[in-house]
Each structure stands twice: as structure tokens, then as C-alpha cells.
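Notebook open, structure loaded. I'm jotting down what I look up as I go.

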Amino acid sequence: MRKWLLTLGAIVVIGILILVTFYDKNETSEQKEKELEIPKEYNQSLRPQFHYTPEENWMNDPNGMVYFEGKYHLFYQHNPSGNEFGNMGWGHAVSEDLYHWEEKPMALEADDQGMIFSGGAVYDEHNTSGLFGEGKSGLVAFYTIAGEEQTQGLAYSEDGGETWKKYRGNPILPNPGIKDFRDPKVIWHEESEKWIMLLAAGNKVIFYGSDNLIDWEQLSEFGVDQGAQGGVWETPELFQLPLDGDPSNQKWVLQVDMNPGSIAGGSGGQYFIGDFDGKAFTREGAKDDINWVDYGTDFYAAQAFSNHEGNPIWLAWMSNWMYASDLPTDPWKGAMSLPREVSLKEVNGETRLIQEPAGEIESNRSQKLVDLSDKEVEGRIPLDDFKADMYEVVAEFKLATSGEFGFRVRKGDEEETIVGYDSKNNLAFIDRQNSGDTSFHEQFPGVYRAPLEPTEDGKVKLHLFVDRSSVELFANDGKRVMTNRIFPSEDSDGFEIYAMNGKVTLESLEVYELDSSWKTSEKE
Ligand code: FRU
């Protein structure tokens, strides 16, 4: 009898323990749900959830990007009072992890000298400009004053980028009689101990040098007859990188954007690899060789954070001048790409710019939606329970006999965006012909392709980021990248794996839902 009673007692105690634990868990997850919500201004069906957008109004190029005291500052071309290009000044957002962004008040606004166009910023640590007073330092920004003609202006910040003063002696660089004369990007050149400014000037880049960030002297020009020349050159960028991580083999990378005439149509970026000796840039390769930065339509005016150790991290405006003002989003237009870490590698005998996603992505994976390995794919495999509109796909295919394979993402009854690989022609591609709303511009629907050799062991790796209105593909560890905006219906949230004209082995596939970067706690 006693034994029986003891057993009963134990059962009751265990039962209570189980109930308490279960109840506790439920309570915390419910609480969590309540605390973390996407504010309604950021919860529209086409609003990117892990790509930066301003809450309202028009945005284009990233500007003035600088890493300072633990914060990444992103300034950007912004119209503070309308959802179209106009009244341009610099908007401002700040991040500590390159995933969550906080929008700040406008940093620079148009005035009677003109609008404030694109440019960069540096940390004047040793007060070479004399703008900060004895023993002090601060941030200095350079921008184009777009008045009757384009001249260059300077502004400085004594409070870590929060507020800016325009320099009284503006413009610091008058216009020499060149119509398109803009987008100053300044870097510190260690070897010659000089500040260097790059300016886009029609079909070339002009280099200037300075000791004090205020007085500039022309050093050289690069670009006439070089690379792609189908449009006006804009927003240049310059940095040094070791080839294959070898610090004794440094090269310089000059990137410049061009509108129109890019590989995917409209505006896009190209880069040159070579040497910069403090005065002039000389490129490797033939003068009509072209290196495209991104093979999609929507990666423009990339700029890297200055004052940042290690490999450069850049991001770009995720749009295209061809249709930017027609995009079907309100009350904002324009989004930024994911931040990308840039490096240089030897690939098939050529020196290639490699781009890989940067920032705190892994810790923002909210759940694993798919986990597959060693699966033969032939035909179409829809994933029935899949429902998501913001996620990361990490996939490795082993080439078999298939002509074409990949994924259909943001799939609905009538809509799909196809991201795949054509193994006959060694091309990665994104097909957005039926991606959703494509009607706002006749050149929006299309298929975009990037040459991509399989890895040495015959694999094709597709690392893909799908957001509410974009797809960004990093193929074979960033050896090729493609970025495209899409505007699917809210309920086009399906996913399919496919192979046609043969089969392919999907060695591994992981799909992670990503957390919205806009989620905030109600308590805040
Ligand atoms: C590039 C660009 C720049 C210019 C800015 C104006 O997208 O055309 O050349 O400074 O945008 O917003």
C-alpha cells in the first residue's frame, strides 16, 4: 500500500513539473511574439525586411559611408519631401550590426547653391583640415553641389556624424567646364601620405590630391577609351586589396558606375584592377576588357565604408535609373542591397572581385524551413508546406546530366522568379519575367545571365537572399553576383526545386527564414 502511494505521489509531482514547464514555455513565446512586431509603416507586402529603406520618400545612391566608433553610418541620396527624385540631400541611417538600421534626421539638405548630390566621407583623425580645433578630430563629407553647374562642396561633423556644418568656403572645387563633374570619393593614401579625391567626369575619372582636405590639386585622369563606355560614368570608388589574401601581393580596384549601357540594361557598375601610385591609376589587361560588378539589373553606385579595418564592405542602391521612378512602392522608393564584403581572388586565370554577404545574418535566422541532402532532382519538386517571403537559401548542386536546374521562389499560381543554372552554357541566371508586377516599365521583365564555371569538383553553389521585393544571388562563394528587384503578390510565397533536361544531385539545401530587421519591442 505504501509503495503504491509513493508511486502515485511521484507521478503527481512529475505531472505538475511537466505542466509548469510547458506553461512557462508557452507564456514566454507568447510574450516574445507580443514584444517583437514589425511596425505597420514597415510591414507593407513589398517593403524589404532585411534591406535598408527609408520610412518615406525617394532614395538613391549610398553616400558618405563611414565606420566610426562602433557604428556604420549610411548616408544616401534622399528627397525629404517626396517619393520622386528631387530636392536631393543626404538622408542618414546607422547600424551596429549591418542588419538593423535606425533612420536618423536628414544630414545635409539642398540650399540656394543647389541640391546635394553623391559623395563620400572620411575620418579626419589628425585634424589635417583644421576644421576641428586644437587636438580635436571629426568627420568630413564631400558632395556635389548640383547648381547651375556641378561643383564640389565639403561639410564636417563634430559629433560623430549626427549633425553637419557646410564649409563656408564652398565650393572647394570649382567646375572646370565639364558638364558631368561629380560624386567626390576621398581616401587616405598611406604611401604618399596624401588625401586622394576621385571624381566622375563624363567618360573618365579625375584624381586630385590634398594635404588638408580643402585645397585640391589635379593629379591624373583615367578612363577615356577604357572598359564599358555606353553611358555617363558616375560614383567612382577606389581601394586596395590583397590578391588571394596574400599581403605581399596588393592590387588596387577602381570601381565606376555607368548609366546607361550596363550588362543587364540601364545602369550598372564595372571595375578595373591595377595599380595606384598616389598619382595615377594604371589598369591590368586590355583597355576594352570589361569587368561587371553585378550581373543583375539592380546594384548601382556601390560605396565602401571608410575608416574600416580589413576587407572593404560595400553596399549599393538596389535599383536602376531605367525604371527607378516607376517602381510600384509607396510611400517610399529605393532600397539598399545587402552589405557585401569584397575581396580579390584568382579565378580561372583571371583576377576577380569576390563579393560575399556581410553583417549579422546568421544570428538573424529565425527558423530552418528546409533541410535536405543528397537528393536527386528530376522535374519539379514543389515544397508543399513552404510559405515565406524573407529567407536565405544555401544550396550545393553536383552536376549530373541536367541541362538546367535551380529554384522557383516567390511562387504563386501565376507568379514565379526563377533562379538557376544552365549547365550547358555555364550560366547562372535570374528570370523575373513572371515575377509579379512587371507592368510599370516595358524593360522591367527579363532574364539576366552571368557566366559561372562550376567549382573544380563539379559543383554549383547558389547562396540566395529572397526578400519581399528582391532576390540577391551569390554564386560559387561570391564569384558571381546578381541582384534583381521583383514585385510579387503577397501570397506568392511558395518554393520549388527543379531540374529539366536531365537530373542533378542536390548535395545540400538549407533554407532559413530571416527575421525582419524592423521588428521592435513594444516596450521600446
Ligand atoms: C548616380 C547619380 C550620381 C549623382 C546622384 C544624384 O546614381 O546620378 O552621379 O550624384 O545620382 O542623385
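How far does a polar side-chain atom of D183 lie from an oxygen atom of the ligand? I get 2.5 Å, which counts as a polar contact (a pair of N or O atoms within 3.5 Å; within protein, one must be able to donate a hydrogen and the other to accept it, and residues adjacent in sequence count only if both atoms are side-chain atoms).

Ground rules before I go on. This is a predicted model, where local features need pLDDT of at least 70 and side-chain atom pairs count only at pLDDT 80 or more, while totals for chains, interfaces and linings use all residues. I number residues from 1 along each chain as its sequence is written, and side-chain values use heavy atoms, with hydrogens and water left out.

**Ligand site**

I checked how much of the ligand is covered: taken alone it exposes 320 Å², and the protein buries 96% of that (Shrake-Rupley areas, 1.4 Å probe). Strand 2 (57-68) and strand 11 (182-189) are the elements that give two or more residues to the shell; helices (H or I, at least four residues) and strands (E, at least two) are DSSP runs numbered from the N terminus.

I listed the residues around the ligand: N60, D61, Q77, F85, F117, S118, R182, D183, E234, Y300 and W321. "Around" here means a heavy atom within 4 Å. The shell splits into four nonpolar, three polar and four charged residues. For those classes, Ala, Val, Leu, Ile, Met, Phe, Trp, Tyr, Cys and Pro are nonpolar, Asp, Glu, Lys and Arg are charged, and the others, Gly among them, are polar.

Two further ligand distances went into the notes. A side-chain N or O atom of R182 is 2.6 Å from a ligand oxygen, and for D61 I read 2.7 Å.

**Confidence**

I looked at pLDDT, the predictor's confidence in each residue from 0 to 100. The protein averages 94, and 93% of the residues score at least 70. Residues 20-28 fall below 50, and that stretch has zero contacts beyond near neighbours in sequence (contact: heavy atoms within 4.5 Å). Where pLDDT is low, the predicted coordinates should not be read in detail.

**Salt bridges**

I count 30 of them in the structure, each a side-chain nitrogen of Lys or Arg within 4 Å of a carboxyl oxygen of Asp or Glu. One I pulled up is K166 with D111, closest N and O atoms 2.9 Å apart. K166 sits in strand 10 (residues 165-166) and D111 in the loop between strand 5 (102-108) and strand 6 (115-116), so the pair ties together parts that are 55 residues apart in sequence.

**Backbone oddities**

Which peptide bonds are cis? I noted N259 to P260, omega near -10°, and D330 to P331, omega about 5°. P260 is in the loop between strand 16 (246-259) and strand 17 (268-276); P331 is in the one between strand 20 (313-317) and strand 21 (332-333). I also flagged D244, not a glycine, yet with a positive phi of about 50°.

**T163**

Last lookup: T163, in the loop between strand 9 (150-157) and strand 10. Its side chain makes a polar contact with the side chain of D159 at 2.5 Å.
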